[in-house]
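The following exercises concern a single protein model. Please study the sequence and the structure, attempt each task, and then compare your reasoning with the worked solution.

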Amino acid sequence: MSAGARSRMLREARRGELSAFLKTRRARITPADVGLPAGPRRRTPGLRREEVAQLAGVGVTWYTWLEQGRDINVSVQVLDAIARALALDAAEQAHLYRLADVPTVPTAHLEESIPEELQVILDHLLPLPGVLLSSRYDVLAHNEGFAALCPLFLSGERNVIRHVFLTPACCNPYAVGAPEKLSRMVGFLRSAYAKHLRDPEWMRFIEDLCGRSPQFAALWERNDVAAPPVRNRVIRNVATGDVEMIQTSMSLPSIAGAWVQIFTPADEAAWVQLRALLAMTPEERARPWREHLERDHGRVSA
């Protein structure tokens, strides 16, 4: 089967799922729920198609075609209106976008509180460093191992990619062997950005990084996309020197866009360094960084 035929089959399957999804969402809403009169006796539960079209401000014929799974063009604005008319929650709205083949998929905001069990899981990973990241590389949660290995990422604005591109190589945790890995980081960010094309926060974030880092701007301009970087990464740590780690990335469906990174020492020497870091008090770990900043950068904090 050719790639074109597979693509058509996949598109038809999504349209079929879209049809079933819209019908079930429509069936669960009564006219009273949205302030409409019940009217004559109804043959099926829920709203009629023309009522959904009225609430969404779209044509009845167009909405009928959409619900029938016909191959028609849809816009973000119209899908938003339909989502409001059908009272879709964040997960349902994202599902609607995907089934309609719209690339800008809205996701739930990650500013919600992190479930307690996720912090428990991270803490039980010790001695392995672990961190929960948003799709934009914001640090959402971490354990003591990550704080010991990558303290820079927890200073100031807790965003990994911002620190990576705006920190000098001498104290940048990801500076060693960086070129190809930085390209993959930006490629993953580009993939995530496709779901937030009209999000002003994302736009400001990208514009700010492009303006402050020529290296980031050049990589962003390439328009490459990639999965999260994995496998070996050498972490620069001022307190112990470079530490070779194996980085494992896993998505976390329970929080939209979030993913977990776990760092495993690559050899016995790295295990010795990690254990040494964890054996230090927070003050002992912070002192070399503070002295480095004072000596080489003329400032007293990261």
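**Exercise 1. Salt bridges**

Determine how many salt bridges the structure holds, and describe the pair formed by E67 and R49.

Solution. Step 1: This is a predicted model, and its structure holds 15 salt bridges.

Step 2: Recall the principle that side chains of opposite charge can pair when their charged atoms come close.

Step 3: In the salt bridge between E67 and R49, the closest N and O atoms are 2.8 Å apart. This pair links distant parts of the chain, since E67 belongs to helix α3 (residues 60-67) and R49 to helix α2 (residues 49-56), 18 residues apart.

Step 4: Compare each relative accessible area with the cut-offs, where buried means under 20% and exposed means over 50%. E67 has a value of 0% and is therefore buried. R49 has 23% relative accessibility, so R49 counts as partly exposed.

**Exercise 2. Further charged pairs**

State how far apart the closest N and O atoms are in the salt bridge of D138 with R136 and in that of R275 with E268. Then identify the residues that are linked in a network of salt bridges.

Solution. Step 1: For D138 and R136 the closest N and O atoms are 3.3 Å apart. Both of these residues are buried.

Step 2: For R275 and E268 the corresponding separation is 3.5 Å. R275 has a relative accessible area of 46%, so R275 is classed as partly exposed.

Step 3: The network of salt bridges links E157, R162, D208 and R212.

**Exercise 3. Helix α10**

Check the span of helix α10 (residues 200-212) against the expected value, and decide where its buried residues lie around the axis.

Solution. Step 1: The expected span is 1.5 Å times one less than the number of residues. For the 13 residues of α10 this should give 18 Å, and the end C-alpha atoms are indeed 18 Å apart, so the two values agree.

Step 2: The buried residues in α10 are W202, F205, I206 and L209. Viewed down the axis of α10, the buried residues fall within an arc of 90°, and therefore they line one face of the helix.

Step 3: On the other side of α10, the residues R204, E207 and G211 are exposed.

**Exercise 4. Helix α2 and the hairpin**

Which residues in α2 are buried, and how are strands β1 and β2 joined?

Solution. Step 1: In α2, the residues E51, V52, A53 and A56 are buried. G57, just after α2, takes a positive phi of about 75°.

Step 2: Strand β1 (residues 130-133) and strand β2 (residues 139-142) run antiparallel and are joined by three bridges. L133 stands opposite V139 in β2.

Step 3: The two strands form a hairpin with five residues between them, and Y137 in the turn has a positive phi of about 70°.

**Exercise 5. The protein as a whole**

Decide whether the protein is a compact globule or more spread out than one.

Solution. Step 1: The protein contains 13 helices and five strands. Its radius of gyration is 25 Å, whereas the globule rule gives 19 Å for 302 residues; the value is well over the rule, so the protein is more spread out than a compact globule.

Step 2: Along the principal axes, the C-alpha atoms fill a box of roughly 80 × 40 × 40 Å.

Step 3: Of the 302 residues, 43% are buried. Among contacts between residues at least 6 apart in sequence, 54% join residues at least 24 apart.

Note on methods: Residues numbered from 1 in each chain as written. Heavy atoms only, no water. Pairing = 2+ DSSP bridges. Helix = DSSP H or I, 4+ residues; strand = E, 2+ residues; numbered from the N terminus. Salt bridge = Lys/Arg side-chain N within 4 Å of Asp/Glu carboxyl O. Buried < 20%, exposed > 50% of the residue type's maximum accessible area, 1.4 Å probe, protein only. Arc of directions from axis to C-beta. Rg over C-alpha atoms; globule rule 2.2 N^0.38 Å. Contact = heavy atoms within 4.5 Å.
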